[in-house]
Amino acid sequence: MKLLKKKVPALFLILLVVLSLTVPALAASSTDTAAAPAAAETAQTQSDATGSKSIAAGIAIGLAAAGGAVAMGVAVSKSAEGIARQPEAEGKIRTTLMLGLVFIETTIIYALLVVILIIFVL
């Protein structure tokens, strides 16, 4: 039961962050459809595609950032715990921690690159 009490606020916070990143995508304005029906249909299709790309990009980068933040928090807490238990191994623990944090951050940067590709290339 204690574990559930700890995880529910964290999951709620992650959901809140993901949803807040998608708000700009949902605030897209509509185009004037009275002028030309064929052009309006094409513009509507492009607008729908842009909106879908924005939602996908927001969710992808939100999940990557949230996952990276959780992973970094766990890594730092475990390294602090390890240093507290064995102060003589501080140097090795710190080196391993920094290497792990670099890999986690690299994963987040790869997610950002994928999102940029989704927005501008697809």
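This is a tour of a predicted model, stop by stop, with a selection to make at each one.

**Before selecting anything**

Residues are numbered from 1 along each chain as its sequence is written, and side-chain values use heavy atoms, with hydrogens and water left out. Because the model is predicted, local features need pLDDT of at least 70 and side-chain atom pairs count only at pLDDT 80 or more, whereas totals for chains, interfaces and linings use all residues.

**Stop 1: the whole chain**

Show the protein as a cartoon, and 3 helices and 0 strands appear, in the order α-α-α along the sequence; helices (H or I, at least four residues) and strands (E, at least two) are DSSP runs, numbered from the N terminus. Colour next by pLDDT, the predictor's confidence in each residue, from 0 to 100. The mean for the protein is 81, with 71% of its residues reaching 70 or more. Confidence is lowest in helix H1 (residues 2–26), at a mean of 67, and highest in H3, at 94.

Switch to a surface view, where the accessible surface of the protein comes to about 9000 Å², an area obtained by the Shrake-Rupley method with a 1.4 Å probe, only the protein chains shown counting as cover for residues. Carbon and sulfur atoms account for 73% of that surface. Of the 122 residues, 17% are buried, where buried means under 20% relative accessible area, exposed over 50%, and partly exposed in between (1.4 Å probe, protein chains only). Contacts, meaning heavy atoms within 4.5 Å, can be sorted by sequence separation: among those between residues at least 6 apart in sequence, 80% join residues at least 24 apart.

**Stop 2: Ala57 and Ile119**

Select Ala57 in helix H2, which is buried, with a relative accessible area of 4%. Leaving aside residues up to four places away in sequence, Ala57 touches Val115 and Ile119. The C-alpha atoms of Ala57 and Ile119 are separated by 7.2 Å, although their positions lie 62 residues apart along the chain as the count of separation.

Move to Ile119, which is found in helix H3 and counts as partly exposed at 38% relative accessibility. With the same exclusion of residues up to four places away, Ile119 touches Lys53 as well as Ala57. Adding Ser52 to the selection gives a further pair, with Ile119 and Ser52 67 residues apart in sequence and 9.7 Å apart in space, C-alpha to C-alpha.

**Stop 3: Ala60**

Continue along helix H2 to Ala60, which counts as partly exposed at 29% relative accessibility. A C-alpha distance drawn from Ala60 to Ile108 reads 10.0 Å, for two residues 48 apart along the chain.

**Stop 4: Ser79**

Still in helix H2, select Ser79, which counts as buried at 10% relative accessibility. A polar atom of the Ser79 side chain lies 2.8 Å from the backbone oxygen of Val76. Ser79 also touches Ile93 and Leu97, residues up to four places away in sequence not being counted.

**Stop 5: the salt bridges**

The structure holds 2 salt bridges, each defined as a side-chain nitrogen of Lys or Arg within 4 Å of a carboxyl oxygen of Asp or Glu. Select Glu81 and Arg85, whose side chains meet in one of them at 3.3 Å, N to O; both lie in helix H2 (residues 37–85), 4 residues apart, about one turn of the helix. Glu81 is partly exposed, with a relative accessible area of 36%, while Arg85 is exposed, at 66%.

Then select Glu90 and Arg94, which form a salt bridge whose closest N and O atoms are 2.3 Å apart. These two are 4 residues apart in helix H3 (residues 90–120), so about one helical turn separates them. Glu90 is partly exposed, with a relative accessible area of 32%, and Arg94 is partly exposed as well, at 43%.

**Stop 6: the nonpolar patch**

Finally, select Ile109, Tyr110, Leu112, Leu113, Ile116, Leu117, Ile119, Phe120, Val121 and Leu122, which form a nonpolar patch on the surface with about 1000 Å² of accessible area together. Such a patch is made of residues with over 30% relative accessible area and no salt bridge, nonpolar side chains (Val, Leu, Ile, Met, Phe, Trp, Tyr) being joined within 5 Å and like charges within 9 Å. Within this patch, Tyr110 has its place in helix H3 and is exposed, with a relative accessible area of 56%.

Terms used. Polar contact = N/O pair within 3.5 Å; in protein donor to acceptor, adjacent residues only side chain to side chain.
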